[in-house]
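Please go through this protein with me, beginning at a single helical position and moving on to its core, its pockets and its charged pairs.

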Amino acid sequence: MRVLVTGAAGSIGRVAVLGLTARGHEVVALDRVPEPDGHEGRFHTADCADPDAVAAVFAEESLDAVVHLAGNPEEDALPASLTSHVVTTAAVLDAMVAHDVRRIVHASSNHAVGRTPRSELGTDLLGTDVRPRPDTFYGVAKVAAEALLSLYADRYGLDAVACRIGSFQPRPATVRQLSTWLSPDDCVRMLDAALTTTAPGYAVLYGISANTRGWWDLEPGRALGYEPRDDAEAFAAEVAPSPEDDWDAAHVGGPYATASYERPALP
């Protein structure tokens, strides 16, 4: 497939570009920062919050799908979060409709359900059919972006897969990440599966590796062909306990669900 990867210069974006290329896809990269040194292939510098700039990229390129990774991964005030995650998604979706690009794989987040208390799960895994319980304005924006994907899937018949990404790291660094880790290799497997699965319509999966201590149900991803192979437990002996571990695990969103992230919605 010929795939536009937005946020291509970010931590996940760089892995996605190389990994999807290695799997035979032709990748067109887009980011609001200049082309990184050593990048090979097509690269556009544009802000996904600018619909005209996004439309110009689509007009120049012939695309089969989009992997939409662009967005600020940190907490911010509500207007900035909505711009970073919802306005950018709207600009991409409008350009897709205008240029008949039929599939989008979207980087959502575990923080869309991050306020879910661990105590409510018991021994159960958290499915994708639960109500949204964002833990921050970042999480709120991811919930809203998922709703926008659902609308465009229903209104225009697009295939839209929202990947609720956990802790994307080279290796887990905290006790919580032994449950939430997404390895770079599994990230590529996830994106490739979401790009190539047959007619998913609107779908949500949890972007987590096959962690022994995982909190999320991986079956929705497996139904789309995502078979994670890595397990954070392989690194458990290297992860030192911390006084923060108890409150870090009180909610599935970890520290994002704590009072330290509470702030007014409007600056």
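Ala 144 counts as partly exposed in this predicted model, because its relative accessibility of 27% lies between the 20% under which a residue is called buried and the 50% over which it is called exposed. The residue belongs to helix H4, which covers residues 137-156. Although Ala 144 and Thr 89 are 55 residues apart in sequence, their C-alpha atoms are 9.9 Å apart in space.

From this helical position we can turn to the interior. The largest nonpolar core comprises 30 residues, and the members that touch the most others are Val 5, Val 67, Ile 165, Met 190 and Leu 191. At least two residues of this core come from each of the following elements: strands S1 (2-6), S2 (26-31), S4 (65-68), S5 (103-109), S6 (159-165) and S9 (202-207), together with helices H1 (11-22) and H6 (184-196). Helix H6 makes the greatest contribution, giving six residues to this core. Ile 165 offers a view of the surroundings of one core member: leaving aside residues up to four places away in sequence, Ile 165 touches Ile 12, Ala 107, Ser 108, Ser 109, Asn 110, Leu 182, Met 190 and Gly 207. Separate from this core is a second one of 26 residues, which includes Val 57, Leu 149, Tyr 152 and Ala 162.

The pockets come next. The largest pocket has a volume of about 1200 Å³, and of the 50 residues that line it, Gly 71, Asn 72, Pro 73, Glu 74 and Tyr 138 lie nearest its centre. Two or more lining residues are given by each of H1, S2, helix H3 (78-98), S5, H4, strand S7 (167-168) and helix H8 (245-248), and among these contributions that of H3, with six residues, is the most. Sorted by class, the lining of the largest pocket consists of 22 polar, 18 nonpolar and 10 charged residues.

The second largest pocket has a volume of about 330 Å³. Its lining consists of 18 residues, of which Val 17, Leu 18, Gly 38, His 39 and Glu 40 are the closest to its centre. The elements that give two or more residues to the lining of this second pocket are H1, S2 and strand S3 (42-45), with H1 providing the largest share, five residues. By class, eight of the residues lining the second largest pocket are nonpolar, five are polar and five are charged.

What remains is the pairing of charges, for which the structure holds 15 salt bridges. In one of them, Arg 2 pairs with Glu 61, the closest N and O atoms being 2.9 Å apart. This pair links distant parts of the chain, since Arg 2 lies in strand S1 and Glu 61 in the loop between helix H2 (51-60) and S4, 59 residues apart. Both Arg 2 and Glu 61 are buried.

A salt bridge with partners in another setting joins Arg 213 and Glu 233, again with N to O at 2.9 Å. Here too distant parts of the chain are linked, with Arg 213 in the loop between S9 and helix H7 (219-222) and Glu 233 in the loop between H7 and H8, 20 residues apart. Arg 213 counts as partly exposed because its relative accessibility is 37%, and Glu 233 likewise counts as partly exposed, at 28%. Salt bridges that share partners also join Arg 2, Glu 26, Arg 42, Glu 60 and Glu 61 into one network.

Arg 102 and Asp 100 form a further salt bridge, with an N to O distance of 3.5 Å. Arg 102 is partly exposed, with a relative accessible area of 33%, whereas Asp 100 counts as exposed because its relative accessible area is 53%. Asp 100, which lies in the loop between H3 and S5, also has a backbone feature to note, namely a phi near 55°, a positive value in a residue other than glycine. Ala 199 likewise has a positive phi, of about 45°, although it is not a glycine. This alanine, Ala 199, is found in the loop between H6 and S9, and Ala 199 counts as exposed because its relative accessibility is 58%.

Key. Residues are numbered from 1 along each chain as its sequence is written. This is a predicted model: local features need pLDDT of at least 70, side-chain atom pairs count only at pLDDT 80 or more; totals for chains, interfaces and linings use all residues. Side-chain values use heavy atoms; hydrogens and water are left out. A nonpolar core is a set of buried Ala, Val, Leu, Ile, Met, Phe, Trp, Tyr and Cys residues joined through side-chain atoms within 4.5 Å. Buried means under 20% relative accessible area, exposed over 50%, partly exposed in between (1.4 Å probe, protein chains only). Helices (H or I, at least four residues) and strands (E, at least two) are DSSP runs, numbered from the N terminus. Contact means heavy atoms within 4.5 Å. On a 1 Å grid over the protein atoms alone, a cavity is a set of points where a 1.4 Å probe fits but cannot get out, and a pocket is an open set with protein on both sides within 12 Å along at least five of seven lines; lining residues have an atom within 4 Å of a point. Grid points are joined across faces, edges and corners, and a volume is the space filled by probe spheres set on the points. Ala, Val, Leu, Ile, Met, Phe, Trp, Tyr, Cys and Pro count as nonpolar, Asp, Glu, Lys and Arg as charged, and the others, Gly among them, as polar. A salt bridge is a side-chain nitrogen of Lys or Arg within 4 Å of a carboxyl oxygen of Asp or Glu.
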